[in-house]
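Okay, thanks everyone for coming. I'd like to walk you through one model this morning, strands to begin with and charged pairs after that. Have a look at it while I talk.

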Amino acid sequence: MKFPFPLALTFAVLPALFQCSGSAETPKEKPKEEVKGGSLEERAKREAEASLNIPATEKYDLKIYKAYLNDDGVEDAIITINRMEFAMDEAIRRDKVAKAAEMGYMGNFNYFFYYDGAKEKFSYPVPIPSSPTLPLEVSFGAITSPTSTDIVIDYRVMNSGWRNYYTLLNSRELGLIFQWKVFDYAGDDNPEAFVYELEEDLSPVSKDIKIYRSKLDNNDEAKKDPFKFEPKITQKGELVYHFFYDPRQAKYCIAPDSPFKK
């Protein structure tokens, strides 16, 4: 990848992290009455197909990640949608197959929904501009507070890997609070890679995010297929970034002692 940030995300990320101002992005809950009946997977499929205009003939990947995301005692979920087949069909339709493949089919083909289990409602679909050659990867952790369940989403942008952190705002809506890359230039001669660590540092409640320089252990695999390889990043080098969570603005900000090393 020839630029340090995904073009669609650059202007959203820099003010949020370095100036630490403004409000976090939030997946909005749909106000309409949800169609009930059937399993969560069946309802999620109906919701995805209706919201994204997915035809019945299209093959797409839907995954459900369940967790208790608020304090109402009812299990919630993050639901991801990957439309790789649609991305390929779009490239054919536009007669740009070779260029799309070279760019990892970059576009809005990966989405996620937040499902509120107590209200039985889905959020609007949230696009994550990325390469759909791999679906979004979702994990959970107590990051903004010991009692919270926050969401971490990993995704690909061409031959780089990125990570988004979300937390629940106002007990109902997820807000984007942090976004940074995990590796870059995979398959090139001088790839970049980073180790993330969550540490109790500036705040007694939330965890700081410290990012250390590392190396991509399996760059040879990335040279064969930079869009689908599974990165191996194990070595921890020098600290390059230090971020802390500001609950007033619901986002991570650069810490005063961050080295800002490039």
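So, strand β8: Ser 160, Trp 162, Asn 164, Tyr 166 and Leu 168 point one way, Gly 161, Arg 163, Tyr 165, Thr 167 and Leu 169 point the other way, and all are buried. By buried I mean under 20% relative accessible area, with exposed being over 50% and partly exposed in between, using a 1.4 Å probe and protein chains only. That's ten of the ten residues of β8 buried, so the strand is largely enclosed by the rest of the structure.

Quick bookkeeping before I go on. This is a predicted model, where local features need pLDDT of at least 70 and side-chain atom pairs count only at pLDDT 80 or more, while totals for chains, interfaces and linings use all residues. Residues are numbered from 1 along each chain as its sequence is written, and side-chain values use heavy atoms, with hydrogens and water left out. Strands and helices are DSSP runs numbered from the N terminus: E, at least two residues, for a strand, and H or I, at least four, for a helix.

Now, who sits beside β8? On one side there's β7, residues 150-157, which pairs with β8, residues 160-169, in the antiparallel sense over seven bridges. To call two strands paired, DSSP has to find at least two bridges between them. Arg 156 stands opposite Gly 161 in β8. β7 and β8 form a hairpin with two residues between them, and Met 158 in that turn has a positive phi of about 55°. Then there's β9, also antiparallel to β8, joined to it by nine bridges. Over there, Leu 169 stands opposite Glu 173 in β9.

Zooming out, these strands belong to an open sheet of eight, in the order β6-β7-β8-β9-β10-β11-β12-β13, with antiparallel pairing. Which strands stand at the edges? Those are β6 (137-141) and β13 (251-254), each with a single partner strand, so one side of each is left without a neighbour in the sheet.

Okay, charges. A search of the whole structure finds ten salt bridges, meaning a side-chain nitrogen of Lys or Arg within 4 Å of a carboxyl oxygen of Asp or Glu. I'll show you three.

One is back in the sheet: the side chains of Glu 192 and Lys 181 meet in a salt bridge at 3.1 Å, N to O. That pair links distant parts of the chain, with Glu 192 in strand β10 (residues 192-199) and Lys 181 in strand β9 (residues 173-184), eleven residues apart. Glu 192 is partly exposed at 27% relative accessibility, whereas Lys 181 is buried at 10%.

Next, Arg 248 forms a salt bridge with Asp 246, and the closest N and O atoms are 3.1 Å apart. Arg 248 is exposed at 76%, but Asp 246 is buried at 6%. And going back to the sheet for a second, salt bridges that share partners join Lys 181, Asp 184 and Glu 192 into one network.

The last pair is in a helix: Arg 93 and Glu 90 meet in a salt bridge at 2.9 Å, N to O. Both lie in helix α3, three residues apart, about one turn of the helix; α3 covers residues 84-93. Is Glu 90 buried or exposed? Buried, with a relative accessible area of 19%, while Arg 93 is exposed at 59%.

That's my tour, so over to you.
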